[in-house]
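Visitor: I have a protein model open and I am not sure how to read it. Could we go through it together, one feature at a time?
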Amino acid sequence: MFTPRISQLLALGLLLLLPGGCNTTKGSLRSELERADDRQAGRLTVRRDQGEQRRPSVTKSPSITPAGITQTIHRRPEWGARPHKASRVNVVGGRWEKITVHHSDEVGATVFNGSFSQSAHAVRSIQRYHLDVNGWGDIGYHFLIDARGRIFEGRELTWQGAHAGNSQKNRRNIGICLLGDFNHGAPSTAACAALEGLLDDLRRENSIPLGKVLLHSDLSNTECPGKHLSAWVKSYRGS
Ligand SMILES: [Zn+2]
């Protein structure tokens, strides 16, 4: 019967139209990626595919311990991650070559200065949006950092991310997202210290040069990760 399918499509259409336009959704956990895509497309559509391609399910879903990470990482079970969708993630298939820094942009940084449970809820909300609205295979970022400097494991490093704009930009590209809006406020000292330690670890383990630590805006037409965090990253990489 077609009727249920049509009603499902109508419901999906309403869902896609619900959040406001660019920079109008403070307080909702809508990924900055969609707003960047909206700006590029000039319309309120949600991109269904950030370069993730359907492929046969994999039978093995390795749970990795990020090699060489000296920082404390809050693993997926700690924040209540849902499983990834095996048919929609792709094995990285080679050495990581670059790292891209993002901000979540949905709410002011000060909202994320509290409890672990509050930050874990924020990470779950981002994952829910990426899975259920975007139709991606998992949360797009490999790591997320809150204002207290807690580092959350996002998408396992086994898999290519979905954060930079398309499949080519995501290729061998580790995504790190700081929770908060860093166009309108500076990241906390704790968050910057965690980011610095994580960048140092990831660069050392993967032989990634400083020049390959990128801003999202280096790759796409977006303000991400905001002027204050962008300034920090530029200082870190010396350019
Ligand atoms: Zn971004």
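Guide: Happily! Keep in mind that this is a predicted model. Let's begin with a single residue: Ile-208 has 19 C-beta neighbours inside 10 Å and therefore counts as partly exposed, because being buried takes 20 or more.

Visitor: Where does Ile-208 sit in the chain?

Guide: Look in the loop between α6 and β6.

Visitor: Which residues does Ile-208 touch, not counting those up to four places away in sequence?

Guide: Ile-208 touches Trp-96, Glu-97, Lys-98, Ile-99, Leu-202 and Arg-203. Sequence distance and distance in space are separate things to read. Arg-95 is 113 residues from Ile-208 along the chain, yet their C-alpha atoms are separated by 9.5 Å. For the protein as a whole, take the contacts between residues at least 6 apart in sequence: 76% of them join residues at least 24 apart.

Visitor: Let's step back, then. How many helices and strands should I look for?

Guide: There are eight helices and six strands. Starting at the N terminus, their order is α-α-β-α-β-α-β-β-α-β-α-β-α-α.

Visitor: How do I read a sheet?

Guide: Here is the general idea: strands in a sheet are paired by backbone hydrogen bonds, in a parallel or an antiparallel way. In this model, six strands form an open sheet with mixed pairing, in the order β1-β4-β3-β5-β2-β6. At its edges are β1 (73–74) and β6, each with a single partner strand, so one side of each has no neighbour in the sheet.

Visitor: Which strands does β2 pair with in parallel?

Guide: Follow β2 to β5 and you find six bridges, with the two strands running parallel. Here His-103 stands opposite Leu-178 in β5. Follow β2 to β6 and there are three bridges, also in a parallel arrangement. In that pair, Ile-99 faces Val-213 of β6. You can also trace β3 to β5, a parallel pair joined by three bridges, where Phe-143 is opposite Ile-176.

Visitor: Is β2 buried or exposed?

Guide: Six of the six residues of β2 are buried, so the rest of the structure largely encloses this strand. To read a strand, check each face in turn. One side of β2 has Lys-98, Thr-100 and His-102, the other has Ile-99, Val-101 and His-103, and all of these are buried.

Visitor: And how do I read a helix? Let's try α4.

Guide: Start with its length. α4 has 18 residues and spans 25 Å from its first C-alpha to its last, close to the 26 Å expected at 1.5 Å a residue. Next, find its buried residues: Ser-119, Ala-122, Val-123, Ile-126, Gln-127, Tyr-129 and His-130. These cover an arc of only 155 degrees around the axis, which means that they lie on the same side of α4. The face turned away from that side carries the exposed residues Ser-117 and Asp-132.

Visitor: What covers the buried residues of α4?

Guide: The cover includes α3 (76–79), β3 and β4. Just past the helix, α4 is followed by Gly-135, with a positive phi near 75 degrees.

Visitor: Let me try α8. Which of its residues are buried?

Guide: They are Leu-229, Ser-230, Trp-232 and Val-233. Viewed down the axis of α8, these fall within an arc of 160 degrees, so they line one face of the helix. Lys-234 and Ser-235 are exposed on the face turned away from the buried side. The buried residues of α8 are covered by elements including β2, β5, α6, β6 and α7 (216–219).

Visitor: How do α6 and α8 lie on the strands?

Guide: α6 lies across β2, β3, β4, β5 and β6, at about 170 degrees to β5. α8 lies across β2, β5 and β6, at about 160 degrees to β6.

Visitor: What about the nonpolar core?

Guide: The largest one has 37 residues, and the members that touch the most others are Phe-143, Leu-144, Ile-145, Ile-176, Leu-178, Leu-195 and Leu-198. Several elements give two or more residues to this core, among them β2 (98–103), β5 (173–178) and α8 (227–237). α6 gives the largest share, six residues. Try selecting Leu-195: leaving aside neighbours within four places in sequence, its contacts are Ile-145, Ile-176 and Leu-178.

Technical notes: Residues are numbered from 1 along each chain as its sequence is written. This is a predicted model: local features need pLDDT of at least 70, side-chain atom pairs count only at pLDDT 80 or more; totals for chains, interfaces and linings use all residues. A nonpolar core is a set of buried Ala, Val, Leu, Ile, Met, Phe, Trp, Tyr and Cys residues joined through C-beta atoms within 7 Å. A residue is buried if 20 or more other C-beta atoms lie within 10 Å of its own, exposed if 12 or fewer, and partly exposed in between; C-beta atoms are placed from the backbone. Helices (H or I, at least four residues) and strands (E, at least two) are DSSP runs, numbered from the N terminus. Two residues are in contact if their C-beta atoms, placed from the backbone, lie within 7 Å. Two strands pair if DSSP finds at least two bridges between them. Axes are lines fitted to C-alpha atoms, for helices over the stretch in contact, and angles run from 0 to 180 degrees between N-to-C directions. The expected span of a helix is 1.5 Å times one less than its number of residues. The arc is that of the directions from the helix axis to the C-beta atoms.
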